Amino acid sequence: MNDAQPSPRRVYGRRRGRPLRQGRRLLTESFLPQLAVTLPQKGALDPRTLFPTPSAVWLEIGFGAGEHLAAQAEQHPQTGFIGCEVFENGVARLVGEIARRELGNIRIFADDARLLLDCLKPDSIGRVFILFPDPWPKQRHHKRRLVAPATLDRLASVMQPGAELRLATDDRLYLALMLEHLTGHPDFLWTARTPADWRERTPDWPATRYEEKARAAGRMPAFLRFIRRAS
Ligand SMILES: C[S@@+](CC[C@H](N)C(=O)[O-])C[C@H]1O[C@@H](n2cnc3c(N)ncnc32)[C@H](O)[C@@H]1O
């Protein structure tokens, strides 16, 4: 694990949208400091220390408006959840949802997920969700994609053996790339046996806004589940 400051990286997602409405801004200002994950100056972050007595810690990267994360947290009250999102309006929406549903098991990293991955203790995360990551379709933007070998290496390091990585996309080219990177990665095993295994979500996998947008536009999403192999 690195003892140094996290390396600065360029984030390509949207960080700011419309200015927050006053009520949402005030709610975010009062709740976010209690929920925010702060990276250690030195050493690794053990995510279990962020929660009172978690049975496991799960991570969602790019949670958008947070509807999937809030639903998972409600379904699994003993599990601690860390959500990463760079988009301010999405963070504010999730904060509102946490307050409304009185969810005590979510913490928020409102910055580039890769900075957190660089600091997390190895073998500390029990499940990871990356749902509809930005596909960056133009060739010159491909390097901006989140699902790339460097991120997968970091994920493999912080995920426990047997932990699940769930991915979704409605972009065919990104799907092909995800499969290429993940099936070629020594630490991940694809669980699909039949096409139904990746064409449909499992019942414990709530839909997200981007899935709804994709379906409304006639694009069929794919749902991928990989297991972190034991070393
Ligand atoms: C296409 S949206 C999908 C949102 C949500 N997962 C859904 O399915 O509705 C991708 C999200 O990932 C976020 N994002 C992109 N790069 C990120 C990064 N490096 N760290 C954290 N969030 C990121 C963006 O701000 C955006 O909200």
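**Exercise 1. Which residues are the closest to the ligand, and how many residues surround the ligand?**

Solution. The model is predicted.
- Step 1: count the shell. The ligand is surrounded by 19 residues.
- Step 2: pick out the closest. They are G62, E85, D112, L131 and T208.
- Step 3: sort the shell by class. Nine of its residues are nonpolar, three are polar and seven are charged.

**Exercise 2. Find polar contacts of the ligand and state how much of the ligand the protein covers.**

Solution. Use a cut-off of 3.5 Å between N or O atoms.
- Step 1: take the backbone. G62 places a backbone N or O atom 2.8 Å from a ligand nitrogen atom. For L131, a polar backbone atom is 2.7 Å from a nitrogen atom of the ligand.
- Step 2: take a side chain. In T208, a polar side-chain atom sits 2.7 Å from a ligand oxygen atom.
- Step 3: turn to coverage. On its own the ligand has 600 Å² of accessible area, and the protein covers 95% of that.

**Exercise 3. Write the strand order of the seven-stranded sheet and explain why β3 and β6 each have one side without a neighbour.**

Solution.
- Step 1: read the order. The open sheet runs β3-β2-β1-β4-β5-β7-β6, and its pairing is mixed.
- Step 2: inspect the edges. β3 (106–109) and β6 (188–190) each have a single partner strand, so one side of each lacks a neighbour in the sheet.
- Step 3: add the twist. Neighbouring strands are turned by 20 degrees against each other on average, direction ignored.

**Exercise 4. Describe the pairing of β1 with β2, then place helix α2.**

Solution.
- Step 1: β1 (residues 56–61) and β2 (residues 79–84) pair in parallel over six bridges. One bridge joins A56 to T79 in β2.
- Step 2: helix α2 (residues 67–75) packs on the sheet. Helix α2 touches β1, β2, β3, β4 (125–131) and β5 (159–169).
- Step 3: compare directions. Those of α2 and β2 make about 170 degrees.

Definitions and conventions
Residues numbered from 1 in each chain as written. Predicted model: local features only at pLDDT ≥ 70, side-chain atom pairs only at ≥ 80, totals over all residues. Heavy atoms only, no water. Near = heavy atom within 4 Å. Polar contact = N/O pair within 3.5 Å; in protein donor to acceptor, adjacent residues only side chain to side chain. Areas by Shrake-Rupley, 256 points an atom, 1.4 Å probe, with all protein chains shown as cover. Nonpolar A, V, L, I, M, F, W, Y, C, P; charged D, E, K, R; others polar. Pairing = 2+ DSSP bridges. Helix = DSSP H or I, 4+ residues; strand = E, 2+ residues; numbered from the N terminus. Axes fitted to C-alpha atoms, helices over the stretch in contact; angles between N-to-C directions. Contact = heavy atoms within 4.5 Å.
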